Amino acid sequence: MEKRLITETTARRIVRPRARNTYKGSFGHVLVVGGNDQFGGAGIMSAGAAVHAGAGLVTLATKPVNFTALHTRYPEVMATDYTDQDSLAPLIQSATVVVIGPGLGTDAESQTALTFTLSHLTAAQTVVIDGSAITLLSAEKTPAWPAARIVLTPHVVEFQRLSRLAPADQTPTAIQRYVDTLPTGTLLVHKSDRTTLYQAGAADYAQNTSGNPGMATGGSGDTLTGIIAAFVAQFGWRPDVVAAAVYTHSAVADALARTRYVTLPTMVIDQLPAFMDQLAHHD
Ligand SMILES: NC(=O)C1=CN([C@@H]2O[C@H](COP(=O)(O)OP(=O)(O)OC[C@H]3O[C@@H](n4cnc5c(N)ncnc54)[C@H](OP(=O)(O)O)[C@@H]3O)[C@@H](O)[C@H]2O)[C@@H](O)CC1
Ligand SMILES: Nc1ncnc2c1ncn2[C@@H]1O[C@H](COP(=O)(O)OP(=O)(O)O)[C@@H](O)[C@H]1O
Ligand SMILES: [Mg+2]
């Protein structure tokens with residue numbers, strides 16, 4: 001299989017200066033469904049990353065125990081309870097991009113929220129499926145893929161649950177063979193120290209060139225989901241837009257790693273606006 005590289009050039013082509021005659025509605029509405037009683041931080045980091053990566057509006061559907069923490073940290077994010085389906089339904093309908101899974105957990109309430117959300121999506125929307133949502137879908141005999149465009153973001157063990165491929169067998173050719181069984185056009189971000197990006201039906205794949213071991217802290221992947229969602233919400237649905245998000249997430253961490261032993265997800269979130277400004281305005 002032919003390999004392409006995801007580089008700074010990939011990101012610079014996507015992150016361009018904003019037009020003057022714009023408003024929050026110009027940059028999409030991201031809905032994140034995640035963060036149960038135990039993993040509230042994952043939902044908060046995903047939603048916070050979406051705000052800092054430029055989404056016009058962001059709502060977190062989470063357990064109410066997380067509302068105060070969310071609003072203390074990121075008051076830009078709106079909140080709702082994912083167990084309240086009457087409130088959730090119109091938010092799913094109005095979202096440009098839905099992220100589902102960061103910190104969602106795998107209990108009955110999480111499963112209900114997942115099934116409800118996926119079944120209400122339409123073809124013009126994008127869904128980023130991560131973490132617990134991948135684990136839950138992997139337990140289904142035939143996963144019920146939504147009508148929306150799909151981005152899957154598994155780490156190697158989540159990918160093993162989905163594909164039944166052991167980590168050692170997750171070669172580009174084997175990953176592509178699995179991805180080709182997914183709905184046409186589906187993107188799969190296979191996360192590792194050198195993350196790779198695949199599309200169902202494609203003849204080649206792309207490998208990220210940024211990233212470092214300072215990123216090995218819980219929450220790094222949760223943060224990536226918010227960046228991907230914000231990029232698709234602002235710049236549209238294209239493989240290169242997702243590639244640019246993958247690059248940006250790790251490149252921000254690389255910049256931090258020049259002077260920091262660890263590059264915490266919340267540090268990466270804080271640095272996103274400055275890094276995107278560099279991409280858009282400075283050669
Ligand atoms: N602050 C929060 O709220 C946080 C919330 N989070 C949320 O928690 C939920 C569960 O997600 P999860 O990834 O922690 O657990 P799960 O899917 O069972 O996988 C663990 C298994 O996979 C393995 N493994 C993983 N990566 C690997 C790799 N690269 N290479 C090799 N092995 C690897 C790992 O191996 P081990 O560490 O045991 O060696 C273990 O066996 C999810 O919703 C997530 O969003 C987290 O994001 C943390 C911060
Ligand atoms: N050693 C490393 N080098 C480069 N990137 C890494 C490294 N360790 C982790 N990452 C990145 O951090 C993220 C981890 O995602 P994930 O395992 O889903 O974390 P979490 O679920 O805790 O948020 C991925 O984007 C991965 O590429
Ligand atoms: Mg994860």
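Colleague: Is R164 buried or exposed in this predicted model?
Modeller: R164 lies in the loop between helix 7 (156-163) and helix 8 (172-179). Count the other C-beta atoms within 10 Å of R164, and you get 10. A residue with 12 or fewer counts as exposed. So R164 is exposed.

Colleague: What is phi of R164 near?
Modeller: Most residues other than glycine have a negative phi. R164 is a residue other than glycine, yet its phi is positive. The value is near 65°.

Colleague: Is M78 buried, exposed or partly exposed?
Modeller: M78 sits in strand 4. Its C-alpha atom and that of A47 are separated by 9.3 Å, although the two residues are 31 apart along the chain. Inside 10 Å, M78 has 16 C-beta neighbours. Buried needs 20 or more and exposed needs 12 or fewer, so M78 is partly exposed.

Colleague: Which strands stand at the edges of the open sheet?
Modeller: The sheet has ten strands with mixed pairing, in the order 1-10-9-8-7-6-5-2-3-4. Each edge strand has a single partner, so one side of it is left without a neighbour in the sheet. These are strand 1 (2-6) and strand 4 (78-81).

Colleague: By how much are neighbouring strands of this sheet turned against each other on average?
Modeller: Direction is ignored here. The average turn is 20°.

Colleague: What angle does helix 4 make with strand 4?
Modeller: Helix 4 (residues 85-94) packs on the sheet. It touches strand 2 (29-33), strand 3 (57-62), strand 4 and strand 5 (97-100). The direction of helix 4 and that of strand 4 make about 130°.

Colleague: Which residue of strand 10 stands opposite L197?
Modeller: Strands of a sheet pair through backbone hydrogen bonds, either parallel or antiparallel. Strand 9 (residues 196-199) and strand 10 (residues 204-208) pair in the antiparallel sense over two bridges. Opposite L197 stands A206.

Colleague: Which residue of strand 3 stands opposite H29?
Modeller: Strand 2 and strand 3 pair in the parallel sense, over five bridges. H29 belongs to strand 2, on one side with L31 and V33. The residue opposite H29 is L57.

Colleague: How many of the residues of strand 2 are buried?
Modeller: Take the faces in turn. One side has H29, L31 and V33, and the other has V30 and V32. Both faces are covered. The count is five of five.

Colleague: Which helix gives the largest share of the largest nonpolar core?
Modeller: In soluble globular proteins, nonpolar side chains tend to be buried together. The largest core here has 84 residues, with V30, A50, A229, F231 and V242 having the most contacts inside it. Eleven of the core residues come from one helix, the largest share. That is helix 10 (residues 239-257).

Colleague: Which residues come nearest to ligand 1?
Modeller: The shell around ligand 1 divides into six nonpolar, eleven polar and two charged residues. Helix 2 (40-52), helix 6 (131-138), helix 7 and helix 9 (220-235) each supply at least two of them. Of the 19 residues around ligand 1, the nearest are G41, A42, G131, V157 and G218.

Colleague: Which helix supplies the largest share of the shell around ligand 2?
Modeller: Of the 18 residues around ligand 2, H155, D193, G211, S220 and G221 come nearest. This shell divides into four nonpolar, eleven polar and three charged residues. The largest share is four residues, from helix 9.

How values were computed: Residues are numbered from 1 along each chain as its sequence is written. Chains are lettered from A and ligands numbered from 1 in the order in which they are written. This is a predicted model: local features need pLDDT of at least 70, side-chain atom pairs count only at pLDDT 80 or more; totals for chains, interfaces and linings use all residues. A residue is near a molecule or strand if its C-beta atom, placed from the backbone, lies within 6 Å of it. Ala, Val, Leu, Ile, Met, Phe, Trp, Tyr, Cys and Pro count as nonpolar, Asp, Glu, Lys and Arg as charged, and the others, Gly among them, as polar. A nonpolar core is a set of buried Ala, Val, Leu, Ile, Met, Phe, Trp, Tyr and Cys residues joined through C-beta atoms within 7 Å. Two strands pair if DSSP finds at least two bridges between them. Axes are lines fitted to C-alpha atoms, for helices over the stretch in contact, and angles run from 0 to 180 degrees between N-to-C directions. Two residues are in contact if their C-beta atoms, placed from the backbone, lie within 7 Å.
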